[in-house]
Number of protein chains: 2
Amino acid sequence: MKRRLLLVSNSTLHGSGYLDHCQQHISGFFGKNVARVLFVPYALHDRDAYTTTARNKFRSLGYEVDGIHEAADPVEAVRKAEGIFIGGGNTFRLLKSLYDNNVVTEIRKRVLEDGVPYMGSSAGTNVATISISTTNDMPIVFPPTFDAIGLVPFNINPHYLDPDPNSRHMGETREQRITQYHEEPNTPSVLVSQNRRPLTVLFGCFSGKPSAEFDPGSDLSFLLTDAQ
Amino acid sequence: MKRRLLLVSNSTLHGSGYLDHCQQHISGFFGKNVARVLFVPYALHDRDAYTTTARNKFRSLGYEVDGIHEAADPVEAVRKAEGIFIGGGNTFRLLKSLYDNNVVTEIRKRVLEDGVPYMGSSAGTNVATISISTTNDMPIVFPPTFDAIGLVPFNINPHYLDPDPNSRHMGETREQRITQYHEEPNTPSVLVSQNRRPLTVLFGCFSGKPSAEFDPGSDLSFLLTDAQ
C-alpha cells in the first residue's frame with residue numbers, strides 16, 4: 001500500500017493566516033474522496049480552541065473536521081478516519097498524549113496498511129518520523145519513549161535556522177545540535193526544512209554521507225528506502 | 001548543611017575563552033581548601049578532549065581536575081570529591097549518562113548533606129535543578145526520566161533569548177515554550193538567564209505569580225524555599 005503523507009514544517013508563514021501557505025496542497029492531498037478529517041490537537045493545551053481553528057480552516061477548503069478528543073474512543077476514531085491531520089505545538093506533549101490514548105500503533109496501521117492520507121504540521125510532522133529526537137521543542141512532559149509513529153524511515157528538523165553570523169548568543173547552533181545527534185550510534189538521516197528560503201537541506205546520516213542541499217520539487221524518494 | 005552552588009549559564013561569552021568570563025567566581029567559589037575538582041564531561045561526545053579543556057583552564061586557576069570517566073568507579077569518585085564541576089553540552093546525553101553511571105543520588109547526597117561545592121555550566125546547570133524540562137537541547141538520547149539532581153527547587157532556562165521583533169521565523173519563541181511548560185500541572189518556577197544583557201528574569205510559577213525581572217546581585221533566596 002502506498003503511503004500518503006503531507007508533512008508541513010510550519011502551520012503559519014510570516015504575514016499569512018493559519019495554513020494559508022499550503023492550502024492548495026491540502027486540497028490536492030485530501031482530494032475529493034475525503035469528506036471528514038480527523039484532527040489531533042494533543043500538541044496544544046486548549047484542545048477545543050485548537051480544533052475550532054483547524055475546523056474553520058478546513059471548512060473553507062470543503063472538509064469537515066472531527067477532534068479526536070471529542071470521540072468517546074480515540075482508537076475507534078482512528079479506525080474510522082478517512083484522513084488524519086496532526087497539528088503542531090509541543091512535540092513531547094503530543095507524543096505522550098498519542099501514547100496515553102493508545103493511538104500510535106493504530107495510526108501507523110491506518111496509514112501504512114490502509115493508505116489513509118496523513119497530514120502533519122510541525123510537531124505533527126515530527127511524530128510522523130522515526131523519533132522525536134530532532135524536535136526543537138522543550139521536554140515539558142516525559143513521554144514513554146522518543147520513538148514516534150514511524151511513517152518515514154528518517155528524522156525531520158522543522159523550521160531550521162542557519163547560524164546567524166552576527167549573533168553574540170553563544171548557545172549551540174541548530175547545526176551543532178543535529179551534529180550531536182549524529183554522534184550517537186545508528187542515527188538515521190535528518191531532513192531539515194527552512195522557512196525563510198525555499199530550500200531543503202539533508203544532513204549526513206549514519207552511513208557517513210555528507211549533508212546536501214536540494215531545491216523545492218527535488219526527488220527525495222531515496223530517503224524512503226528503509227535500508228539507506 | 002548549607003548547599004554551595006555556582007550555576008553558570010554559559011561556559012563561554014562572545015569574544016572570550018572557555019570560562020574566562022566567570023574565572024574570578026570560580027576561584028572565589030572553590031577557594032583555598034579545594035585542591036582537586038571532579039569534572040563530569042558526559043554532556044559531550046569526546047570526554048577526553050573535553051576534560052583536557054577543563055583541566056587546562058582549572059590549572060590556570062590553581063586546581064587539578066580529575067575526569068569522572070577516568071575513574072574505575074564513578075560513584076567512588078563522587079564519594080571522594082572535594083568539589084564537582086559538570087560541564088555543558090547536550091542535557092539529555094548528560095542526564096542519561098549520570099543515571100547510567102549511578103551517580104545522581106551520590107552527587108545529590110554529597111552536595112546537600114556533605115556541603116561539597118557544585119559548579120555547573122549550561123547543561124551542568126540544567127541537571128542541578130528539579131528537572132531538565134526547560135533545557136534548550138535536542139532529545140538526542142532517551143534518559144530514564146527528566147528528573148534531575150534536584151539541588152534547587154526550581155528549573156532554569158539557560159541562555160534565554162528575548163523574541164526578535166524582526167524575525168520572520170515562525171517557530172515558537174522561548175517565552176512561548178516556557179509558557180507551555182507552565183500549562184502543565186504543578187510545574188515549578190523557571191529561572192531564566194540571559195547572555196546579552198546582565199539580567200535575570202523569573203517567569204511565573206504554578207502558584208500564579210507573574211514573571212519578574214531582577215538585576216544582577218539581587219537576592220533570589222526566596223526561590224530556595226521548597227514551599228514556594
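Modeller: Let's start with a term: a disulfide is counted here when two cysteine sulfur atoms lie within 2.5 Å. Keep in mind that this is a predicted model.

Colleague: Okay, so what is a disulfide in chemical terms, and how many disulfides does the count come to over all chains?

Modeller: In general, a disulfide is a covalent bond joining the sulfur atoms of two cysteines. Here the count comes to 0 over all chains.

Colleague: What about the cysteines themselves: is A:Cys22 buried or exposed?

Modeller: Look at the relative accessibility, where under 20% means buried. A:Cys22 has 6%, so that residue counts as buried. In chain B, B:Cys22 has a relative accessible area of 5% and is buried too.

Colleague: And how do I read A:Lys80?

Modeller: The cut-off for exposed is over 50%. A:Lys80 has 63% relative accessibility, so this one counts as exposed. You'll find A:Lys80 in helix H3 of chain A, residues 74-80. Its C-alpha atom is 9.2 Å from that of A:Arg110, though the two residues are 30 apart along the chain.

Colleague: Let's turn to a helix. Which residues of H1 in chain B are buried?

Modeller: Helix H1 of chain B covers residues 23-30, and its buried residues are B:Ile26, B:Phe29 and B:Phe30. They span an arc of only 80° around the axis, which means they sit on the same side of H1(B). Over on the other side, B:Gln24 and B:Gly28 are exposed.

Colleague: What do the buried residues of H1(B) pack against?

Modeller: Their partners in chain B are strands E1 (5-8), E2 (36-40), E4 (84-86) and E5 (118-121), along with helix H2 (47-60). One more thing to spot: just after H1(B), B:Gly31 takes a positive phi of about 65°.

Colleague: Now the interface. How do people give its size, and what area do chain A and chain B bury between them?

Modeller: Interface size is often given as the accessible area lost when the parts come together. Chain A and chain B bury about 3800 Å² between them, with 59% of it on carbon and sulfur atoms. The contact takes 42 residues from chain A and 42 residues from chain B.

Colleague: How many salt bridges cross the interface of chain A and chain B?

Modeller: The rule finds 6 of them between these chains. One is A:Glu183 with B:Arg93, whose side chains meet at 2.8 Å, N to O. On chain A's side, the elements giving two or more residues are helix H4 (91-100), strand E6 (155-160) and helix H7 (174-183). H7(A) gives the most, with 6 residues.

Key:
Residues are numbered from 1 along each chain as its sequence is written. Chains are lettered from A and ligands numbered from 1 in the order in which they are written. This is a predicted model: local features need pLDDT of at least 70, side-chain atom pairs count only at pLDDT 80 or more; totals for chains, interfaces and linings use all residues. Side-chain values use heavy atoms; hydrogens and water are left out. Buried means under 20% relative accessible area, exposed over 50%, partly exposed in between (1.4 Å probe, protein chains only). Helices (H or I, at least four residues) and strands (E, at least two) are DSSP runs, numbered from the N terminus. The arc is that of the directions from the helix axis to the C-beta atoms. Contact means heavy atoms within 4.5 Å. Buried area is the accessible area (1.4 Å probe) that two parts lose on being put together, summed over both. A salt bridge is a side-chain nitrogen of Lys or Arg within 4 Å of a carboxyl oxygen of Asp or Glu.
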